[in-house]
Amino acid sequence: MRINQSNSTIREILVILFVAAVPGCTVGSAQEVGAKKNVAQTYSPKDVEFFEKQILPILKQRCYECHSHESGKAKGGLVLDSRNGWEKGGSEGTAIIPGKPDESLLLESVKYESYEMPPEEKLPDDEIALLEKWITIGAPDPRESNAPKIDPDKLWALQPITKPGIPDVKDEKWSRDDLDAYILTRLEENGLSPAQDADRYTLLRRVTFDLTGLPPTPEEIEAFVNDPSENAYEKVIDRLLASPGFGDHWARHWFDLSCYADLADIQGNVLIRDAWRYRDYVISAFNSDKPLDRFIHEQIAGDLLPYDSVEQHREQIIATGYLAIGPWTLQNYIKEQLAADVVDHQIDRIGRTVLGQTISCARCHDHKFDPVPTADYYALAGIFHSTLTTSYDGPGVWSQITHVSLPELPGAAAEFERLSHEIGQQQQKLRKELVELRKNNEKSRFMKKAVSDQANAITLKSGVTANEKGREYRVSFVAGPSVWAGAGQATAESDGLVLQLLRKDGTVLAYHVHRPQAWSEKKDSQQLSPVSFEYTGDGSGEVTLHITSSDYTGRFGGAIDDLSIADTETSQIIFEEDFNHCQLGDIKGQQASTGYLVYAKCSFPKWAGSGINNSHVVDLGEPGKSNIALQIYSGPKVDQANPRIAEINRELETLAKHLDLARPGRHQALAVKEITKPKDSPIYRRGDFQSLGENVPRGFLGVVPVTLGHDIPSNSSGRLQLAQWLTDPGNPLTSRVLVNRTWSRLFGKGLSRSVDYFGVHGEKPSHPQLLDFLARRMRVDDQWSIKKTIRQMVRSRTYQMASSHNNKGAETDPDNRLFWQMPRRRLPAESIRDAMLSASGELNPQRGGSSLGLELDGNILGAGGDVNPANWGGKIADYIKNRRAIYLPFKRERPLGELEILSTFDFPHPNEITGSRSETTVATQALFLLNSPFVKHQSSQLAERLAKEEFSDERARINRLYLLTVSRPADTDELDTAITFLDQCTQDLVTDSDSAKARSAAWIQLCHAVLGSNSFLFRE
């Protein structure tokens, strides 16, 4: 493998990088560069003279303004001030093909046959002729690039991690951890002093938010402030690291990088029901302090790792959701393009998140700045092209993310049997109640003709002589659940059909409600079973049949066929209808799950139809022989007259779905897996999957030094070897990048502020020895433990400094790169929201499980089936709504609606890899805090909570307000100001009749003001 080559060999095969003044990357591949290396020496003096006297002046005068290093412009990615520049070309490929003027884009452009260059005016014919002659004779060009060469050995991030000695400092008593010495020595060198220690209130609020994303409770504040022991702070750190909130908070940092969302496609809300399993895996990994090297291994190759138990096997499969869940364009009908884009994002995610390298810049051409040739990109691409992430089974254009069935847990069958019994008892109790409620409800509803403007209904046009007084009649039919082309309108347990026998005057002689049970979503879902009911004639004359939906739910009440009325005593058939004499409508589709043909706008000779699209039918016959059954659509949803009926129906549906999801063998994870025959990837010239170059053996970045061999077997994708290579003891990037990310989360900025990019133009670390010390300590001493790394950082004196201002520090080091104070930072968006819920007492501590609330009516939308996948309806269940933000459902768009607070405060877009969030301060944030229904509601709940906890003493209540919101007691001035505010606000709101109500409203206003204050929004 290339990875085992010596450094000198690697340097020989590295592409010469050309740095232009515009962002982006140059064009070409590693193997193309070597062939051109010494081409200037092969030109004859005559060729050189022709170029320099005839061609070079044209290029300088006509082209350099937009296509040269000197001008700082490379429009279209093309530079023409070196031979290598036009060989590599721009976004459209090589500009000149020597000896082939008819195939050279440059000549086409100057002739105005494709592009029109120069755009101002066409070149004179004589100059075009000279360019054509030059290309015809082989395009001699002795020029070399003006861009500087990059020596990988001089890039700081690629140097081996050293073991620096602990610096000597003047103030030896200041340090509490070895890392403090590195900070203090730089401060002393610059004549600066560190800030004093933060007070206990400030420190507790800081460390609690930084470790859990939540504020400390008043009880925790009191315990810490009054703890006289020397290790009081260490006890707090250990408590926070052991709390479930640690995983909730630090997993969110990982999701900023891994592009997690609960929905799939970047242009729609496509359901991926099992994404939450990966979310819960990451949270659990942080809470259990899974070593970071193991964490990386499992997410890239968990399915390929050995395991000791079924539980571990399941967990490792789920972990590969890191690669499976992403911003994919699943409706892309060009599947090769989709595959290339998925692979590109996987490479980019791993490169930036773990290595701090923008590897994807080499997709179309060698990296413009860093020593990453295109060949290395496609060495990695081969690994992921040999991994199944999405698949396409048709019809339609939609692909799907790979779902992997999880192995069954021990005792799953027994547990399912226990759960089935438990749920069955609950269902039985609910159904018994429902039967009684329906009886009363149906008597009032169906003793008159059931009519709706929207629901499908058919009524016999002529009467049937089946109404002799005192005589018994039997109505028989077959019926079952049904659906149109989309599974979202499938019959549920609460849906049904009603058949009414109408007298001549339109009154109801008899009725029967049939509920055919829920649609099973299986291939044989459209099953029809025999049903019958009896009635007694009253001698009032002929009767007509009327068939419609029993409930208006927005779903299909069912399907019905082979209807008949017979004399019970003689069994003589008086009326029958098989619905086969049907005029099919012009709206047609394929039934979800079964594939049967379904039609709308149908009509029957003997019946009058009404409702949406008149009548729907399904053809159950075999090819060439129709067998039509009537489908009854209920029309749009209408609330039940008795709300308890709707409530029971929802409870029954939830129980049924819960039981179905718990069924052994039903558990699946969004995960990746190996393809049958792994293979190397060809280079895609200019990133175009249709323009293939040479195959590149699967491998890794040649420029990154490692100490071990990681050869990829021919029958493996190489993901396992890639995971091992990323954490190889000799790889200097991974531990540096991860510990720098950890530092940035705690101190507001990284030792290198370009946390996602350790390349040529990334920022060098402010304290390079400290970065190496931390990276080595995390990897070697702490064995990749994130909790140990964090513990040592937060117990340092550097972390415990106050955020107080210092004139000399601000003048000498205005950006605080030397860390002479602890930066004051605004809380992240999710902490602002969660802290409001915590203060108001509404924060729901429940954790884990799906967030989509699919049991809610209308939460599954779309055509369904194989043509178009179902979408999420956007409703957040009440039992999810007040959980921590990490457990809420996220679309592939900026959060809106109930989650707008997150977007307002710079929550990252789930399609973007975000190592460092923006921290804006804009007027719209203040306006949001003033007007948001969410903030107003939390203010009201907080005021209500305070009134209950401190009923009589308002000053004590104000103190409690401050403890709940800003994590400290109010000082004397704040107490006086709050009382003055309450008095003035009460006066403004009071009426003659109710001063108590005005005082309560004033308290809500005070709570609102505190929740919008900087003291609440920021942590010192």
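**A tour of rings and strands**

Begin by selecting Trp254, Phe255, Tyr260, Tyr278, Tyr281, Phe286, Phe295 and Tyr322, which ring pairs join into a cluster. Rings of Phe, Tyr and Trp (its six-membered ring) pair if their centres lie within 6.5 Å; planes under 30 degrees apart are stacked, over 60 edge-to-face and the rest tilted. The model is predicted: local features need pLDDT of at least 70 and side-chain atom pairs 80 or more, while totals for chains, interfaces and linings use all residues. Residues are numbered from 1 along each chain as its sequence is written, and side-chain values use heavy atoms, leaving out hydrogens and water.

Staying at tyrosine 322, add arginine 349, which lies over the ring face at 5.4 Å from its centre. A charge sits over a ring if NZ of Lys or CZ of Arg is within 6 Å of the ring centre and within 35 degrees of the ring normal.

Next, select phenylalanine 747 and phenylalanine 819. Both are buried (under 20% relative accessible area, 1.4 Å probe, protein chains only). The ring rule gives 28 aromatic pairs; this one is edge-to-face, with 5.9 Å between centres and 75° between planes.

Finally, display the open sheet of five strands, ordered E10-E9-E12-E7-E17 with antiparallel pairing. Strands (E, at least two residues) and helices (H or I, at least four) are DSSP runs numbered from the N terminus, and two strands pair if DSSP finds at least two bridges between them. The edge strands are E10 (508-514) and E17 (607-610). Strand E7 (residues 457-460) pairs with E17 over four bridges, and there leucine 460 stands opposite tryptophan 607.

Definitions and conventions: Buried < 20%, exposed > 50% of the residue type's maximum accessible area, 1.4 Å probe, protein only.
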